[in-house]
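Here is a walk through one protein model, written for someone who would rather think at the bench than scroll through coordinates. Have a look at it first, then read on.

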Amino acid sequence: MHILERAARTFEFFGSDCPPRIHLLDDHHAVDIDNFEYTLAGSDNPDFMKKILNVWRPIMAQVNRVLLIPMKELGLTNFEVTYLCAYRLWEVDRIEGLEEQTYRTAENVLKRIGEELHRYYVTDLKMKSYSGRVAEVMRLLNDVDGLIMFVHRMELQLDVCEVVGFEFHDSVFCRHRDE
């Protein structure tokens, strides 16, 4: 959910008028997705850097198209971002082998954050009908899942081409939800 948090911080830092192509990488660095160069400390090999840019440009274009533009259009609030991150963190029902208490705790947390989201919409935002909004917000979460899979495929391409090495762990926490 790092990518979702970074997108939210981008709009928080630069304001709602920020063009969606601007992305805050960390608390001190931002890039214009349409026009950026990537440098790697200690690398003076231009062919190596060209290979990396050829992979990262499509990734950043996807981040823009799938996440930044929809978030800006939705006007996603910090509360909603927090909800999405908590939801993804505690949605463990498909993960096998956890302790029964973990499943019960996760179920209770999901119920509680759902109630808090309801309270937020009804009390804070004074919305009488918010089901359409929830559908759009949850669709964004699904799109982020797809984006993460796209990034993993691109990283694998770099790894297979021996451009950059990645460690991919065979863990249920690293697998896509449909596996």
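The expected span of a helix is 1.5 Å times one less than its number of residues. Keep that in mind for α1, whose 13 residues reach 18 Å from the first C-alpha to the last, close to the 18 Å expected. Before going further, note that this is a predicted model.

**The overall layout**

The protein has five helices and two strands. Read from the N terminus, its elements run α-β-β-α-α-α-α. Of its 179 residues, 32% count as buried. Take the contacts with a separation of 6 or more: residues 24 or more positions apart account for 60% of them.

**Helix α1 and its partner α3**

Let's start with α1. Its buried residues are Ile3, Leu4, Arg6, Ala7, Ala8, Thr10 and Phe11. Right after α1 comes Gly15, with a positive phi near 90°.

Helix α3 also has 13 residues, and its reach from first to last C-alpha is 18 Å, close to the 18 Å expected at 1.5 Å a residue. Buried in α3 are Glu80, Val81, Tyr83, Leu84, Ala86 and Arg88.

How do α1 and α3 pack, and at what angle? Helix α1 (residues 2–14) and helix α3 (residues 78–90) pack at about 170°, and their axes are 10 Å apart. An angle over 145 degrees counts as roughly antiparallel, so that is what α1 is relative to α3. On the α1 side, the residues that meet α3 are Leu4, Ala8, Arg9 and Glu12. Their counterparts in α3 are Asn78, Val81, Leu84 and Cys85. By type, the residues of this contact divide into five nonpolar, one polar and two charged.

**Salt bridges**

How many salt bridges does a search of the whole structure find? The search finds ten. Three of the pairs are set out here.

| Pair | Closest N to O distance |
|---|---|
| Glu5 and Arg6 | 3.0 Å |
| Glu12 and Arg9 | 2.8 Å |
| Arg133 and Glu80 | 2.6 Å |

Take the Glu5 and Arg6 pair. Glu5 is partly exposed, with a relative accessible area of 25%, whereas Arg6 is buried, at 7%.

Next, Glu12 and Arg9. Both lie in helix α1, three residues apart, which is about one turn of the helix. An α-helix has 3.6 residues a turn, so residues three or four places apart point the same way. Arg9 has 21% relative accessibility and counts as partly exposed. You have met Arg9 and Glu12 already, since both are among the α1 residues that meet α3.

The Arg133 and Glu80 side chains also meet in a salt bridge. Arg133 lies in helix α5 (residues 131–160) and Glu80 in helix α3, so the pair ties together parts that are 53 residues apart in sequence. Are these two residues buried or exposed? Both Arg133 and Glu80 are buried.

Salt bridges that share partners also join Glu5, Arg6, Arg9, Glu12 and Asp27 into one network.

**Three loop residues to look at**

Now for the loops. Val92 sits in the loop between α3 and α4 (100–124). Is Val92 buried or exposed? Its relative accessibility is 9%, so Val92 counts as buried. Leaving aside residues up to four places away in sequence, Val92 touches Leu98, Tyr103 and Ala106. Val92 and Glu107 are 15 residues apart along the chain, and their C-alpha atoms are separated by 8.7 Å.

Asp34 is in the loop between β2 (30–32) and α2 (46–74). With 58% relative accessibility, Asp34 counts as exposed. Along the chain, Asp34 and Ala61 are 27 residues apart, while 7.6 Å separates their C-alpha atoms.

Finally, find Lys126 in the loop between α4 and α5. What is the phi of Lys126? The angle is positive, about 55°, although Lys126 is not a glycine. Lys126 is exposed too, with a relative accessible area of 64%.

How values were computed: Residues are numbered from 1 along each chain as its sequence is written. This is a predicted model: local features need pLDDT of at least 70, side-chain atom pairs count only at pLDDT 80 or more; totals for chains, interfaces and linings use all residues. Side-chain values use heavy atoms; hydrogens and water are left out. Axes are lines fitted to C-alpha atoms, for helices over the stretch in contact, and angles run from 0 to 180 degrees between N-to-C directions. Helices (H or I, at least four residues) and strands (E, at least two) are DSSP runs, numbered from the N terminus. Angles under 35 degrees count as roughly parallel, over 145 as roughly antiparallel, 65 to 115 as roughly perpendicular and the rest as oblique. Contact means heavy atoms within 4.5 Å. Ala, Val, Leu, Ile, Met, Phe, Trp, Tyr, Cys and Pro count as nonpolar, Asp, Glu, Lys and Arg as charged, and the others, Gly among them, as polar. A salt bridge is a side-chain nitrogen of Lys or Arg within 4 Å of a carboxyl oxygen of Asp or Glu. Buried means under 20% relative accessible area, exposed over 50%, partly exposed in between (1.4 Å probe, protein chains only).
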